[in-house]
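Biologist: I'd like a close look at just one part of this protein: the packing on the inside. Start wherever you like and work outwards, and please keep it informal.

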Amino acid sequence: MKTHKCTIKDDANMIVEMMKEADVIAFATPIYYYEMSGSMKTMLDRSNPLYGTDYKFKDIYLLGAAAEDEEWVIDGAKNGLDGWISCFENAKFKGKVFVGGVTNIGDIKNSKALKNAYDMGLGVA
């Protein structure tokens with residue numbers, strides 16, 4: 001029986017290497033059905049090779065946007081990210097920024113979330 005090696009030709013391996021060398025990682029996702037996007041979940045899953053390595057990242061941030069405006073809308077995405085973070089003993093969740101009411105390009109333009117993200121960024125060492 002002949003076996004075939006399946007190789008996915010995308011940027012995930014390069015991104016994982018960049019994650020390994022980063023001091024800080026900020027994940028950004030639209031919120032779909034009160035959860036992170038499938039693309040973000042897939043990236044977290046594809047970063048599994050980081051487990052057990054000498055990764056450098058310590059601080060993890062989450063940025064999310066959704067059509068709904070309630071602050072709790074991002075909680076599902078944060079819970080999923082917390083599960084990933086718990087596998088990396090040197091990493092910790094440092095903060096999140098959520099902006100709701102986003103359905104069209106430009107909806108975030110005058111949002112206080114932009115200032116919150118900026119202020120949070122100033123605190124990144």
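Modeller: Let's settle one word before we dive in: two residues are in contact when they have heavy atoms within 4.5 Å of each other. Also keep in mind that this is a predicted model.

A handy place to start is Ile 25. Ignoring neighbours within four places in sequence, Ile 25 is in contact with Met 19, Phe 57, Asp 59, Ile 60, Tyr 61 and Trp 84. Some of those names come back when you step up to the largest nonpolar core, which has 26 residues. The members touching the most other members there are Ile 25 itself, Phe 27, Phe 57, Ile 60, Leu 81 and Trp 84. As for where the core comes from, the elements giving two or more residues are helix α1 (12–21), strand β1 (24–30), helix α2 (38–46), strand β2 (59–65) and helix α3 (75–85). The top contributor is α3, with four residues.

That makes α3 worth a closer look. Its buried residues are Gly 76, Ala 77, Lys 78, Leu 81, Trp 84 and Ile 85. Keep the geometry of a helix in mind here: an α-helix has 3.6 residues a turn, so residues three or four places apart point the same way. And what lies over the buried residues of α3? The cover includes α1, β1, α2, β2 and β3.

Three of those covering elements also belong together as an open sheet, with the strands in the order β1-β2-β3 and parallel pairing. The edges are β1 and β3, each with a single partner strand, so one side of each has no neighbour in the sheet. From one strand to the next, the twist averages 15°. If you zoom in on β2 and β3, you'll find seven bridges joining them, and the two run parallel. Within that pairing, Leu 62 stands opposite Lys 96 of β3.

Lys 96 is a good way out of the interior, as its side chain meets that of Asp 75 in a salt bridge, 3.6 Å from N to O. Asp 75 sits in helix α3 and Lys 96 in strand β3 (residues 92–99), so this pair ties together parts 21 residues apart in sequence. Both ends are partly exposed, Asp 75 at 33% relative accessibility and Lys 96 at 29%.

The whole structure holds seven salt bridges, and two others deserve a mention. Lys 56 pairs with Glu 21, with the closest N and O atoms 2.8 Å apart. Here Lys 56 comes from the loop between α2 and β2 while Glu 21 is in helix α1, so parts 35 residues apart in sequence get tied together. Lys 56 is partly exposed at 40% relative accessibility, and Glu 21 is partly exposed too, at 42%.

Then there's Asp 10, whose side chain meets Arg 46 in a salt bridge of 2.8 Å, N to O. Asp 10 is in the segment before α1 and Arg 46 is in helix α2, so the link is between parts 36 residues apart in sequence. Asp 10 has a relative accessible area of 37%, making it partly exposed; Arg 46 is partly exposed as well, with 24%.

Definitions and conventions. Residues are numbered from 1 along each chain as its sequence is written. This is a predicted model: local features need pLDDT of at least 70, side-chain atom pairs count only at pLDDT 80 or more; totals for chains, interfaces and linings use all residues. Side-chain values use heavy atoms; hydrogens and water are left out. A nonpolar core is a set of buried Ala, Val, Leu, Ile, Met, Phe, Trp, Tyr and Cys residues joined through side-chain atoms within 4.5 Å. Buried means under 20% relative accessible area, exposed over 50%, partly exposed in between (1.4 Å probe, protein chains only). A salt bridge is a side-chain nitrogen of Lys or Arg within 4 Å of a carboxyl oxygen of Asp or Glu. Two strands pair if DSSP finds at least two bridges between them. Axes are lines fitted to C-alpha atoms, for helices over the stretch in contact, and angles run from 0 to 180 degrees between N-to-C directions.
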